[in-house]
Amino acid sequence: MASLGFVVLPNVPASAAPADLSIEYKCVAIENEGSIVRHGPVWLTTNLAFATDLTVGDPLNLTWKLGYDTAEPGRLQAPGYFATGGQVHATGYVEHRKDEVNVLMPRGVSDAHGPLRPDDPLTPPQTLSDPALTDEAGVITITPGDIELDFTPPDGVVVVNDGDDADNPSDLRIVYSDDQWESRVGRPESENHKHNDLHEASQKDASATLTFVGTNVRYMGPTDKDSSPVDVFIDDKKVATVNPSRDADDNPVNDDLDGGKILYDSPTLKYGEHTIRLVKAAEEGLMWLDSFEVSTTAAKTPTGYHAAKCSPVGAPTSVEVTVRPKPDPTDTSTDDPDDPGQDDPGDSTPPADATVGGDQVIVLPQSSTSSSTSSTPKSTGPTATNYYKAQVANTPSGGVETGVAPDAAGHPYGLMAGGMAVVLGSAGGGLLLRRRQAGHAGGTR
């Protein structure tokens with residue numbers, strides 16, 4: 001009887017290791033006083049990772065992690081007073097070149113920051129990403145470029161108070177004209193002053209100034225029957241004169257430090273940096289200032305107003321990405337060594353007279369010296385194809401019955417081998433029949 005060998009398939013080549021580039025960046029302001037790079041360059045340490053072996057249709061996932069260079073002191077900083085919710089945005093530029101040059105732009109945004117004062121440190125986005133799709137085979141060259149940063153302020157109001165407290169630390173306080181103001185702290189809560197403190201001036205031309213970034217500002221203080229008129233300047237232009245000793249109908253008030261009032265509310269300003277200055281306009285009376293309220297309308301923030309540009313330190317590395325064609329769906333062969341329907345090439349050695357064709361071994365039947373007619377599987381591995389000899393229990397006078405076909409294993413090779421076994425078994429049966437006929441005739445023809 002015939003013994004059969006196995007089909008041997010090629011191994012899948014190992015995939016190329018993913019790229020993981022460590023790149024240092026230097027960030028500078030883009031010629032804008034509102035930039036979040038405020039007091040000299042800021043250095044970032046980044047890691048750009050992506051796969052380098054893809055198949056057409058796979059995403060080219062760029063993952064770019066950002067962080068501060070801990071060896072350098074510079075940090076991104078808040079450009080003004082802001083309520084909770086400000087965020088830092090980042091856009092990276094990655095050149096990918098095949099037949100022509102194109103640019104991928106992975107993006108990211110930081111978590112929302114809490115209430116901010118000028119120069120508070122900001123946290124950059126942790127990760128930038130851009131899942132670009134590959135649509136044709138070939139080799140793509142990836143080169144990281146610049147990263148642009150920007151800051152989006154929140155909608156809302158922040159109180160800027162005078163004093164060493166949470167709203168306005170002493171090193172960022174409202175600027176008061178020298179020797180013309182007195183701080184009156186510990187005021188009764190019934191007077192409704194912010195933090196129960198107040199600043200008071202008695203001399204004509206005493207001034208208080210605040211520089212802020214936003215779209216609106218309010219002058220907050222008390223109405224009082226002894227108040228002096230106050231001139232209000234926005235960006236060095238006089239815009240109003242208010243008199244806290246009179247009501248909206250210009251009638252005298254009978255108040256004594258009735259605080260928490262809006263004494264001046266600016267019109268909507270173009271988003272950006274502005275200065276409000278208050279000046280005592282008369283010799284008589286007193287001038288009081290409790291706080292300013294700065295408002296921001298995020299929708300009015302021009303793109304790039306707080307921007308910074310980060311560039312690689314030194315020449316960046318270029319990395320090639322191989323994009324392979326999709327497999328032919330009509331090709332039933334597989335080169336996956338883990339496919340359970342495939343024979344393990346390590347379980348059997350092809351016969352000596354096997355014919356090798358392309359990526360497979362075409363197996364020819366061989367003569368067997370065994371007289372046993374029992375079924376003997378060639379391999380007993382969990383993923384092996386079990387092949388059987390043709391089963392011939394009786395020898396009828398009309399010829400040999402067909403044998404049992406091999407179990408299917410998802411590939412045509414088992415059926416081909418089984419067919420060869422049947423053919424060989426039929427030939428052997430014919431020879432046996434002739435010998436019996438000869439014996440019955442007494443050895444004569």
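This report on a predicted model covers one open sheet and two residues with positive phi.

## The open sheet

The sheet is open and is formed by 5 strands in the order 12-15-20-17-18, with antiparallel pairing. Strand 12 (175–176) and strand 18 stand at its edges. Each of these has a single partner strand, so one side of each is left without a neighbour in the sheet.

In general, strands of a sheet pair through backbone hydrogen bonds, in either a parallel or an antiparallel sense.

## Strands 17 and 18

Strand 17, residues 230–234, pairs with strand 18 in the antiparallel sense, and 5 bridges join the two. Within this pairing, Val232 has Ala240 of strand 18 as its bridge partner.

## Residues with positive phi

Most residues other than glycine have a negative phi. Two residues are listed here with a positive value: Asp119, with phi near 75°, and Leu257, with phi near 45°.

Asp119 lies in the loop between strand 8 (107–109) and strand 9 (127–133). Leu257 lies in the loop between strand 18 (237–242) and strand 19 (258–265). The loop that holds Leu257 thus has strand 18 on one side in the chain, and strand 18 is also an edge strand of the open sheet.

## Exposure of the two loop residues

The relative accessible area of Asp119 is 27%, and the residue is therefore classed as partly exposed, between the limits of 20% and 50%. For Leu257 the relative accessible area is 8%. Because this value is under 20%, Leu257 counts as buried.

Note on methods. Residues numbered from 1 in each chain as written. Predicted model: local features only at pLDDT ≥ 70, side-chain atom pairs only at ≥ 80, totals over all residues. Heavy atoms only, no water. Helix = DSSP H or I, 4+ residues; strand = E, 2+ residues; numbered from the N terminus. Buried < 20%, exposed > 50% of the residue type's maximum accessible area, 1.4 Å probe, protein only. Pairing = 2+ DSSP bridges.
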